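Work through these exercises with the structure open beside you. Try each task before you read its solution.

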Amino acid sequence: MGVLDADHTGNTKDRLWSVAGIVCLLVIVSWGVILSGNRSGRGASDDLLFHWPAIEQFADELPSPDLSDYPSATTPGYHLLLSPLVKVGIGHTGIQLIASLWTLAFFALLGWVIAARFGKGAIILMLPMLCSMYVLYPGIWLLPDNAGWLGVLAILLLALEPNPTWKTWAFSGVILFGLIWMRQVHIWIAGVIWLSAWLGSSDQTPAPAQLFSAIFERTGRTFIALACTIPAFTALVWFVLLWGGLVPPTFHDNHQGPNLATPGFILTQLAILSVFFAPMLWAMLKEAWKRQWAWIIFAAIVGSVLGMVPESSYSYDAGRYSGWWNLIDKFPTIANRSPIIMLGSIAGSIALVVWLTLTNRRDGWIWIGALVAFTLAQSANHASWQRYHEPMLLMMILLILARSSVISRYTRQIMFGSIVLALMLGSLTVSSMLNAKPIETQSQQADGP
């Protein structure tokens, strides 16, 4: 059986080979850039101007670093873990190589899950993730994004377990506590832990009309899950009180939103990614229309509201810039609203319904809850940036494909779509890196030319 025919071929040997292949590709690309000394572009800028200075600051302040303010808008866990290594003399390049282990672990875990369904074909399915600059850059430069996505992935996998117990929610709570120390914005996934408990096992998962059935049993489970997330919320509240806001004082004017364009922008991104799986999704849409036409119409109405009501033209001051916003800026607008967002939001909402038809009932509820919570959390951020959204959408698509029982006849189309999507994302990444300008730090400016 060839790779393009991969389906239910995920024996342990194939899964190990897939993970090894994925990790090797990532090492070749990311370590190659690291060892080249590349210090150009957005990834290098965030590294050298924010995260590296924060790591150095904590290294200088050990053993009692001051967490009340530092040059990063994220919680300090990522920087604190790396600071002792700087203290003992490891330089920037060495720290980059060590920090890339977060990304390697993220790819290994996700690849292991995908390979359970697609065997060695998981290498092809993971290519878009590898080629996305918003996933690759944190594997090269000192950015805490993928450390956060690793925690999100782990909690999602636990939430998707068909028969969760209190141990599942307790383990999720432990991961969430560590996750909040990496990226405070990911507190949203606590809602997924609670939802997992409310739903119960696959046999207990309700239809929409019975969502509040067996309310005492569901409430009891949810209170257990809620208790498991208290440490993470306690940590977040401690940081908020320490900083006087959701980010350190240095960044109080940079990230605190809200941004009402974000929901429509996220749906537009989902629509763009879905284009590359159009043969499968179109066939599934025609089948879904026969049974779920009301949900499709409802989704389209919601998508039209999210796409048309908020202003969605390109605006630096309003946090609508970079990524696809740069393309949106090249097209006309209507009353400060982008037709691309208006149509993309509708298309994305319909695509979401179709993606959910590939899941079982319990997985469908988890993904609805995850996307709603994720979108609300991202909408609280003034910056509506593709870099914050694309990894989550790619991860969702991969996990839906890996867990779906109805896509066997579309395996070749899925593989082909993944290759084309990887080529598109890879071309954007390569273009971004080739056109990137070198970053000057304050020390370099002080030294002069």
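**Exercise 1. A charged pair within one helix**

R221 counts as buried, because its relative accessibility is 13%. Keep in mind that this is a predicted model.

Task: Find what the side chain of R221 meets in a salt bridge, and place both residues.

Solution.
- Step 1. The side chain of R221 meets that of E217 in a salt bridge, 3.2 Å from N to O.
- Step 2. R221 and E217 both lie in helix α11 (residues 215-228). They are four residues apart, about one turn of the helix.
- Step 3. An α-helix has 3.6 residues a turn, so residues three or four places apart point the same way.
- Step 4. Check the cover of the partner. E217 is partly exposed, because its relative accessible area is 45%.

**Exercise 2. Charged pairs across the chain**

Task: State how many salt bridges a search of the whole structure finds. Then describe the pairs R387 with D46 and R409 with E287.

Solution.
- Step 1. The search finds seven salt bridges.
- Step 2. One of them joins the side chains of R387 and D46, at 3.1 Å from N to O. This pair links distant parts of the chain: R387 is in helix α18 and D46 in helix α2, 341 residues apart.
- Step 3. Both R387 and D46 are buried.
- Step 4. Add R42: R42, D46 and R387 are linked in a network of salt bridges.
- Step 5. Turn to R409 and E287, whose closest N and O atoms are 2.8 Å apart. This pair also links distant parts of the chain, with R409 in the loop between α18 and α19 (411-434) and E287 in helix α14, 122 residues apart.
- Step 6. Judge the cover. R409 is exposed, because its relative accessible area is 52% and the cut-off for exposed is over 50%. E287 counts as partly exposed, because its value is 29%.

**Exercise 3. A tryptophan in a loop**

Task: Decide whether W141 is buried or exposed, and list what W141 touches beyond four places in sequence.

Solution.
- Step 1. W141 sits in the loop between α7 (133-140) and α8 (145-159).
- Step 2. W141 counts as buried, because its relative accessibility is 3% and buried means under 20%.
- Step 3. Beyond four places in sequence, W141 touches V33, N38, R39, S40, G43, A44, D47, Y78, Q96 and M433.
- Step 4. Take N38 from that list. The C-alpha atoms of W141 and N38 are separated by 9.3 Å, with their positions 103 residues apart along the chain.

**Exercise 4. Core and surface**

Task: Name the residues that touch the most other members of the largest nonpolar core. Then find the nonpolar surface patch that includes W293.

Solution.
- Step 1. The largest nonpolar core has 114 residues, and M280 and W355 touch the most other members. Helix α18 (residues 386-403) gives the largest share, 11 residues.
- Step 2. Leave aside neighbours within four places in sequence. M280 is then in contact with W355, L358, L401, I407, Y410 and I414.
- Step 3. Look for a second, separate core. That core has 11 residues, including W52, I55, V86 and A147.
- Step 4. Move to the surface. W289, W293, I297, I301, V305 and V309 form a nonpolar patch, with about 590 Å² of accessible area together.
- Step 5. Place W293 in helix α14 (residues 278-308). W293 counts as partly exposed, because its relative accessibility is 46%.

Methods
Residues are numbered from 1 along each chain as its sequence is written. This is a predicted model: local features need pLDDT of at least 70, side-chain atom pairs count only at pLDDT 80 or more; totals for chains, interfaces and linings use all residues. Side-chain values use heavy atoms; hydrogens and water are left out. A nonpolar core is a set of buried Ala, Val, Leu, Ile, Met, Phe, Trp, Tyr and Cys residues joined through side-chain atoms within 4.5 Å. Buried means under 20% relative accessible area, exposed over 50%, partly exposed in between (1.4 Å probe, protein chains only). Helices (H or I, at least four residues) and strands (E, at least two) are DSSP runs, numbered from the N terminus. Contact means heavy atoms within 4.5 Å. Patches are made of residues with over 30% relative accessible area and no salt bridge: like charges are joined within 9 Å, nonpolar side chains (Val, Leu, Ile, Met, Phe, Trp, Tyr) within 5 Å. Accessible areas come from the Shrake-Rupley method with a 1.4 Å probe; for residues, only the protein chains shown count as cover. A salt bridge is a side-chain nitrogen of Lys or Arg within 4 Å of a carboxyl oxygen of Asp or Glu.
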